[in-house]
There are 2 protein chains.
Amino acid sequence: MSLIDLSKQVALGVDIGGTNTKFGIVNHRGEVLDKGNLKTDAYDKVEDFIDALYDHVFPLMEKHGAEKHFDGIGVGAPNANYYKGTIELAPNLPWKGVIPFAELMTAKFNLPCTVTNDANAAALGEMLFGAARGMKDFIMITLGTGVGSGIIANGNLIYGHDGFAGELGHTIVKPGGRKHWSTGSEGSLEAYASATGITITAKKMRAEFPESMLNQYPEDEINSKTVYECAIKEDPIAIEVFRYTGQKLGEALANFVMFSSPEAILLFGGVIKAGDFILKPAKLHMERNLLPIFRNKVKLVFSELDEADAAILGASALVWEK
Amino acid sequence: MSLIDLSKQVALGVDIGGTNTKFGIVNHRGEVLDKGNLKTDAYDKVEDFIDALYDHVFPLMEKHGAEKHFDGIGVGAPNANYYKGTIELAPNLPWKGVIPFAELMTAKFNLPCTVTNDANAAALGEMLFGAARGMKDFIMITLGTGVGSGIIANGNLIYGHDGFAGELGHTIVKPGGRKHWSTGSEGSLEAYASATGITITAKKMRAEFPESMLNQYPEDEINSKTVYECAIKEDPIAIEVFRYTGQKLGEALANFVMFSSPEAILLFGGVIKAGDFILKPAKLHMERNLLPIFRNKVKLVFSELDEADAAILGASALVWEK
């Protein structure tokens, strides 16, 4: 190991979302040396997508290749399985069934490739480069269109026996509650605390309260952004939408804390732009539902990573974590 | 290591409960060579308890000492902290505050001592000697007077950042539900699935249904044992008591599975004597609340350890696990 110059080692980090894929060349310090993106949903066949990704990445690899050594590729993607290197039955991706993604990437790039789900990648990114540096036990919750999670215990990601651990967005916070638009489950955290869930809550509440500012928007403009606009103008109904969301989130977080007793819970994703409107009720209801031995111990904080780079950093972290 | 004869190594396993303490001398094969017990609640001071324990154990240590080597002491106790060696604020033990239990034991016995909570000890016992042999990811749920848990992920117990992880009995399964008699929380798993919870459910249901066989018993004889007696005689209300208990347990188990994706969930403790009356509805409601990727994968099984010895085996396993 002593002969390897760490400053020359780089990884390719790839973050695959339903619409866009981002990638970047990252060094050990978490600096993104170069980056780019392409449309995920423009490629019906996964092989075509990987060919296009290669065409995008190859010029950057050539540019840095003279002075850097590429250690591998890390990929964060929905429903990606770390053990098997597969992407399995991902509802939001164009490629159906079980895709041997890591194998296909290695065949094309001639580099080792590791995959994991996007929230796990984000958790690794936070541990190596973000707000969780130095922590051995924390939980990352991503609050975006959906709710994802990555759980670190004793310094390692929890993958579970099959590689699918950490689907906290699908845990039930209100038995018999709101039906999930895609899974059909009733009362899951995602049904309330995702951007999609917030939109549903807002539409319900504005219908009940005609005086709410939320009624000034057409139906298709009601989302967490417009609710935020009304909340900062002190519309009580908009504030209540976030308070309710925060309560459901906080109740769920209390259960997570009693599972793995983390030092911190990190929140990440578009929904956290609501700031204290969600964070304060979340903290209140988390503490209220905890056993006394857990109270006032867990830090509830926002991610410190730049959102545009976080996913790439997290994915690249996979290369060195392995 | 090659000079150590494993067949000569033994550990002292101690299981401290609110009323009784059991101890045993255990070898690497999980055989209990000798055992005994004493009353926990007869000693108001922890030092007196440890002196009494020593007086009980010393003759057995002398008896085996000539041919065996004592490697250490493992202790399972409520609210015991693995990192600090303490027993902290345990509501059911006579000793109040934060007790430096491992330190006191080492001073008396002149042997290294490791402590952990009783359910964690049981999980280790199952992994080394019981139904979880060979498993790296499983959850142990103890269903007794209370509900305890031990979580194994990637072959290790999850202790959390402070040593208190795995309080699954106190996770909320029904927000705003039944108030817990001791913690005051509303709708915790323990409030429904413990023996105490079953008794509460049975008393409520027999009051609603005068025709139930459960009404043939005086109030203070209503418990999970008498409910079982009525259930095997096909009393529909007694069967419903267990079905409801199993439903709440199953809903909680689904959430646990989506956290750590275990290969199996092991159930242990007095309540499992109800057998299929609880197991079948628990399995049904667990599966029903799982995302499809988790369905029909998780084994839901009863402990294989002899109940009288399990706690001692589990505690002794701590010595070698460390």
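Start with both chains on screen and superpose them: chain B goes onto chain A with an RMSD of 0.1 Å, using a turn of 180° and a shift of 0.0 Å along the axis. That is how a two-fold axis relates its copies. Keep in mind as you go that this is a predicted model.

**Stop 1: the axis**

To find your bearings, select K174(B). Among the residues of chain B, K174(B) is the one that comes closest to the rotation axis, with its C-alpha at 3.5 Å.

**Stop 2: where the chains meet**

Now select the residues of chain B in contact with chain A. You should pick up 35 residues of chain B, touching 35 residues of chain A. Colour the matching set on chain A too: 100% of the interface residues of chain B are also interface residues in chain A, so the copies meet through the same surface.

How much area is buried between chain B and chain A? About 3,200 Å², with carbon and sulfur atoms giving 66% of it. Show H161(B), F259(B) and I293(B) as sticks; this trio supplies 23% of the area that chain B buries against chain A, more than any other three residues.

Next, turn to the polar side of the interface. There are two salt bridges between chain B and chain A. One to zoom in on joins K297(A) to D162(B), whose closest N and O atoms are 2.8 Å apart. Polar contacts link 16 residue pairs between chain B and chain A, counting pairs with both residues at pLDDT 80 or more.

Switch to a cartoon view and pick out β10 (147-153) and α7 (236-260) of chain B, each of which supplies at least two residues of the side that touches chain A. Which of the elements gives the most to that side of chain B? It is α7(B), with six residues. Colour this side of chain B by residue class and you get 19 nonpolar, ten polar and six charged residues.

**Stop 3: two domains in chain A**

Hide chain B and colour chain A by domain. Domain 1 takes in 6-126 + 308-321, while domain 2 covers 135-303, according to the domain assignment. Put a marker at the C-alpha centre of each domain of chain A, and the markers will sit 28 Å apart.

Select the contacts between these two domains of chain A: 17 residues of domain 1 touch 20 residues of domain 2. The area buried between domain 1 and domain 2 of chain A is about 1,400 Å², and carbon and sulfur atoms give 60% of it. Show Y83(A), N120(A) and E126(A) here, since together they supply 35% of what domain 1 of chain A buries against domain 2, more than any other three residues.

How many salt bridges are there between domain 1 and domain 2 of chain A? The count is zero. Three residue pairs are in polar contact across this interface, with both residues at pLDDT 80 or more.

For the elements on the domain 1 side, select β5 (80-81), α3 (118-129) and α9 (307-321) of chain A; each supplies at least two of the residues that touch domain 2. The largest share comes from α3(A), with six residues. By class, the residues on this side of domain 1 of chain A divide into nine nonpolar, five polar and three charged.

**Stop 4: a long-range pair**

Over all chains, the salt bridges number 28. For a last look, select E304(A) and R133(A), whose side chains meet in a salt bridge at 4.0 Å, N to O. E304(A) is in the loop between β13 (299-302) and α9 of chain A, and R133(A) is in the loop between α3 and β9 (138-143) of chain A, so this pair ties together parts that are 171 residues apart in sequence.

How values were computed. Residues are numbered from 1 along each chain as its sequence is written. Chains are lettered from A and ligands numbered from 1 in the order in which they are written. This is a predicted model: local features need pLDDT of at least 70, side-chain atom pairs count only at pLDDT 80 or more; totals for chains, interfaces and linings use all residues. Side-chain values use heavy atoms; hydrogens and water are left out. Copies are superposed by least squares on the C-alpha atoms of residues with pLDDT of at least 70 in both. Contact means heavy atoms within 4.5 Å. Domain bounds come from an automatic or database domain assignment. Buried area is the accessible area (1.4 Å probe) that two parts lose on being put together, summed over both. A polar contact is a pair of N or O atoms within 3.5 Å; within protein, one must be able to donate a hydrogen and the other to accept it, and residues adjacent in sequence count only if both atoms are side-chain atoms. Helices (H or I, at least four residues) and strands (E, at least two) are DSSP runs, numbered from the N terminus. Ala, Val, Leu, Ile, Met, Phe, Trp, Tyr, Cys and Pro count as nonpolar, Asp, Glu, Lys and Arg as charged, and the others, Gly among them, as polar.
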